[in-house]
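Trainee: I have a model open and would like to understand the words people use for it. Could you take me through them?

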Amino acid sequence: MKKSFLCLILILSVTLCSCSNTKPENSDFTAFADQWFAALASSDSLTLNYTLANPESYGITDPPNGFQPFTYDDLTRQGAANENLLAALQDFDRDNLPADQQFLYDILEEQLITAIEGDAYTAFSEALGPTTGIQAQLPVLLAEFDIDDSFDLDQYFQILESLPDYFTSLLRLEEKKKELHTLPCRNTLKNIISQCRQFLDGDGCSLLREAFNARLSGCSFLSGEEKERVRDRHEACIQSHVLPSYQMLADGLARLLPFAGENGSLSSYPSGAEYYRYLVKSTTGSSLSIEQLEQLMTDKLASAERALAAYAAKDPSLFSSCTDYVVRFHSPEQILSHLKSSIQSDFPAPAGSACEVKYVDPSLEDFLSPAFYLTPPIDDNNNNVIYINNSACYDPASLFNTLAHEGYPGHLYQTCRMQDRPLHPLRFLLDYGGYTEGWGSYAEIYSYKYTGAKKDEIGILRNTMIATLCLYGLCDVGIHARGWEKEQLLTFLNKHGSYSEEAASRLYSAVIDEPASYLKYTAGYLEFVRLKAFFKEEAGKSYSEKKFHTFVIDMGPASFDLLRHYIPVWLKQNSCN
């Protein structure tokens, strides 16, 4: 899971690896990218802390004051800001930039054009959500907030003290959406309210207290008396800012429940079908239409099911023995160590960054993902953390592939490899969900190779996951583009397995709560499969798995069309390797 926040401007970048760069760097373009990086990195105190350990080294001397409250009008004015930014970008002569800056230019231009297209759907803007909403992620993000000096400590308290005004902004946005008839459906609102109240009733602030006190003990810049005063201030902030903010949000959303509809399918909203098409495009980074993605998922699902049927006909016992590898690994740390060592035959060598495994606080288990990786500051990659959710809803047998997704060769590996290279810092603020989660899914499926299972068992594990990805992706399209109701979803699911009404209802609720979320994983994975086939064709006899993986990691997050376009360029420029 990547950290994401409500920012008014999104800027993305990547740098192209090459053997030679014949054109000199354009210093004006670098200054342009530096300026927007600084603006984005300092958009709020939480983003700044998670982006940079030493912001002054990047020219950031005017720190933010916690979270900035906003209005719906602020969001609508962003369209003009994006257009001005695009015009400023296009003032540069792209063809006279060196290769790495050309690629950065291409991504910035593509992302801004997409953002401008999205201005038509400001009424659907959303920062809340049962799983990915800021109110759900905030407790863990605050618990992991780095406090290395008095500046960090001040920024932490700025966040706590800004919560009432910021949460009021979030609630005002939902009230505006009531007027615009784009309010989330009743069940989604209930889920968000339930998440807030469980945080309140389950004393979710115990996580904040414990984490803060642990960090405070290591604050050598404070005396013993100062630490006591700071601890008292922290408790006062929890009581006067944090808890009231969550209570206010829960109560305010509860007042909106009578105005929320029952049907949460985006196809049921005015302009919802058009918005879903835009959301799929912007979320996945794929240029394929919904119909093309639907056909691709249908074909891949059928192929995976045929493969599983063939394995069953060959030896049904393989479906029991294929999970025997689970007992060979006794801890998350052992799995991560095994994966980090094993992948080096097929992937570029991992960076040597350490990783700590932690567990989701019980008060948050019902609403957070099975596991997630928190990216470290780009100038200090020694603080990698993977959280594991011990909720009874998640199967502990899936821990191996989950850690492959979050760790090696998934998110942690990809992030640390990027941070180990001299890239422009703007690159690390990108948000290409299809690339990021598609790579995580690709890493999961690939990782079964390292379980020690037999070849046919690996085939069963991989095809089972591919079938599940495609099934859930088709459910997303069915619900939001086709307007499926629960009964239609259950009918579809039972054509491909055996699902209870309860299981179908949970899936339906999850898809309604987070539109296009599953498609980041499914479409992203399938686009990597297509990208790999094209890379193999272009590379010819020089192809290797490690070369393809090096290309993907070196290029970094981008749309799949851009990645495909740069394959011949990358192969030519790296032919000396």
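Mentor: Gladly! The model is predicted, and its chain holds 22 helices and three strands.

Trainee: What makes the chain as compact as a globular protein of that length?

Mentor: Set two values side by side. The globule rule gives 25 Å for 577 residues, and the chain has a radius of gyration of 24 Å, which is close to it, so the chain counts as being as compact as a globular protein of that length. Along the principal axes, the C-alpha atoms fill a box of roughly 70 × 60 × 50 Å.

Trainee: How much of the chain is buried?

Mentor: Buried means under 20% relative accessible area, and 55% of the 577 residues are buried. As for the surface, the chain exposes about 23,800 Å², with carbon and sulfur atoms supplying 49% of that area.

Trainee: Why is helix α21 called largely enclosed?

Mentor: Count its buried residues. Helix α21 spans residues 545–555, and eight of its eleven residues are buried, so the rest of the structure largely encloses this helix. The buried ones are Phe-548, His-549, Thr-550, Phe-551, Val-552, Ile-553, Asp-554 and Met-555.

Trainee: Which helices do the buried residues of α21 pack against?

Mentor: They pack against α4 (99–118), α15 (411–419), α16 (433–447), α20 (517–539) and α22 (560–573). Just after α21 comes Gly-556, with a positive phi near 80 degrees.

Trainee: How do you know that both faces of strand β2 are covered?

Mentor: Look at each side of residues 371–374 in turn. Ala-371 and Tyr-373 lie on one side, Phe-372 and Leu-374 on the other, and all four residues named here are buried.

Trainee: What makes β2 and β3 a pair?

Mentor: A pair needs at least two bridges, and four bridges join β2 to β3 (residues 384–388), with the two strands running antiparallel. One of the partners in β3 is Val-385, which bridges to Leu-374.

Trainee: How do you know which residues His-241 touches?

Mentor: Contact means heavy atoms within 4.5 Å. His-241 is found in helix α9 (residues 224–256). Setting aside neighbours within four places in sequence, His-241 is in contact with Leu-160, Glu-161, Leu-163, Pro-164 and Ala-236. Leu-163 is 78 residues from His-241 in sequence, yet their C-alpha atoms are 6.3 Å apart.

Trainee: How much of the chain's contact set joins residues 24 or more positions apart?

Mentor: Among contacts with a separation of 6 or more, such residues account for 79%.

Conventions
Residues numbered from 1 in each chain as written. Predicted model: local features only at pLDDT ≥ 70, side-chain atom pairs only at ≥ 80, totals over all residues. Heavy atoms only, no water. Rg over C-alpha atoms; globule rule 2.2 N^0.38 Å. Buried < 20%, exposed > 50% of the residue type's maximum accessible area, 1.4 Å probe, protein only. Areas by Shrake-Rupley, 256 points an atom, 1.4 Å probe, with all protein chains shown as cover.
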